[in-house]
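Hi,

Here is the structure I said I would pass on. Have a look at it first, and my notes follow below.

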Amino acid sequence: MHLAAINIADELIPLWRGLFKCDATDDKDNWDWAVLKGAVWKDHGRAVAAATKYLPGSFDRPPRNPAEKINSGYKAWEYLLYLFGLGPVLLYGILPEKYWIHFCKLVRGIRLMQQHNIRSEELVEAHTMLTEFELDFELEYYQRRTDRMHFMRPWLHGLIHLAPETITKGPPICSSQWTMERTIGNLGQEIRSHSQPYANLSQRGVRRAQVNALKVLIPALDPPDNLLPRGAIDLGGGFVLLNRKERTPNVMRQCEVAATLAYIQTQGIIIPAEMCPKITRWARLRLPNGQIARSAWKEQSMTRQPRMSRNVKMRLNGFQAFGEVYFYFQIQLNQELKTLALVSMYSPPDMAILKASSQTLYSCVHRGDGDLVLVEANTIESVVAMIPHKLPGSAEDRFFLVEKPGLDVVRMGGAGEDGMQGDDDDEAN
């Protein structure tokens, strides 16, 4: 999806900064969208960099400060997280409202098209969003003026073909340039002949193709890696409990006890309010998608703070919800061993902002100990980023949602982490 990363950013950011080419018959003073200038641009760049610690390690390379690094080899993945992850909230209140609403249509369409699995109704929605963005770009930026003809670059026309071409060719992310670039990098690392590098590269490519063909013909040559790290527990369905864990069971805080008793009662077991079993906390849970969901219990005690990976997306009673995992534990209920997560829930999003942003700015409140629930581990779908922010004119602390590109996006109504090692090095990312 380099279209969504480099090509789009190469036009929109210079437009918003007022650096785009302006013909003699045009006047930049009339560019009411050019707002990322001076101190505003520097503050915006610092806000982008400040989000890094809240982006999980499974999100790969975080975007650097664009005010300082945008001309220093800014990567396609950085643009992707910057514009289509952080963009809707960091540009809210900075871009004039009509341009912000217009940009959010692009973000929604691209997020839907980046999924590996795209439902038919999502394909229709993405096509609607992208075609509306292209038309509104002509009306709001280009304004169909001959001296702004250079505003209309090929990527704009390409947007309206993304959804229709997906029907015949599959999701764009499955044929994106990421795979080719990774292969080129891997083969390049195998070059050993510096006098004849291209011949050496060709031979490495042939050898890899031969090895892959043999693995297909004889699967026993490439057995699956089912080894788990020491102390891990395979929960089935791709879920794995990972160390660390407490050496001995311990009691919980009163608010945690209340949440535990409430869950136990839903299982048809009634116990006195003053009683609660001791539990042994676990630090991490590996998900079927390869992500590692951590917990506040262990992350907050690390000497080197990692990129936060304890916020998760869950499916509860058929609906998607978000929360911060405090810890994991196992408990025997009705002759069944259950693996549970104690989660502090986030509030529902601000629906007015969510609607205005075309479902891209999911802004909510963290309820802390005031809304603790126990959820079964297999209800967790993915690790997400919840980044603190404030709405213009409000002093309330809020959090906005960012999901990793390529995973299924949140609906209203991939590559995994290297999480198979121990936890002895504080897991700094």
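**What lines the cavity**

The lining of the largest cavity is a mix: nine of its residues are nonpolar, five polar and four charged. Before going on, do keep in mind that this is a predicted model. The cavity in question, the largest one, has a volume of about 180 Å³. In total 18 residues line the largest cavity, and those nearest its centre are Phe84, Arg111, Val402, Glu403 and Val409. Three elements each give two or more residues to that lining: helix H4 (76-90), helix H5 (97-113) and strand E12 (398-402).

**The sheet with E12**

E12 also turns up in an open sheet of three strands, ordered E8-E12-E11, with antiparallel pairing. The edges are taken by strand E8 (363-364) and strand E11 (385-389); each has a single partner strand, so one side of each is left without a neighbour in the sheet. E8 and E12 run antiparallel and are joined by two bridges. If you want a spot to zoom in on, Cys364 stands opposite Phe399 in E12. H4 is here again too: this helix packs on the sheet, where it touches E11 and E12, and its direction makes about 155 degrees with that of E12.

**Backbone oddities**

Two places are worth a click. The peptide bond from Asn243 to Arg244 is cis, with omega near 10 degrees, and Arg244 has its place in strand E2 (residues 239-245). The other is Asp60, which is not a glycine and yet has a positive phi of about 65 degrees. You will find Asp60 in the loop between helix H2 (38-50) and helix H3 (66-69).

**How confident is the model?**

For the protein chain the average pLDDT is 89, and 93% of the residues score at least 70. The stretch to treat separately is residues 418-429, over which the pLDDT is below 50. Beyond near neighbours in sequence, that stretch still has 31 contacts in the model.

Over to you now. Send me a note once you have been through it.

Cheers

Key
Residues numbered from 1 in each chain as written. Predicted model: local features only at pLDDT ≥ 70, side-chain atom pairs only at ≥ 80, totals over all residues. Heavy atoms only, no water. 1 Å grid on protein atoms, 1.4 Å probe; cavity = no way out; pocket = protein on both sides within 12 Å on 5 of 7 lines; lining within 4 Å. Points joined across faces, edges and corners; volume = space filled by probe spheres on them. Helix = DSSP H or I, 4+ residues; strand = E, 2+ residues; numbered from the N terminus. Nonpolar A, V, L, I, M, F, W, Y, C, P; charged D, E, K, R; others polar. Pairing = 2+ DSSP bridges. Contact = heavy atoms within 4.5 Å. Axes fitted to C-alpha atoms, helices over the stretch in contact; angles between N-to-C directions. pLDDT = per-residue confidence, 0-100.
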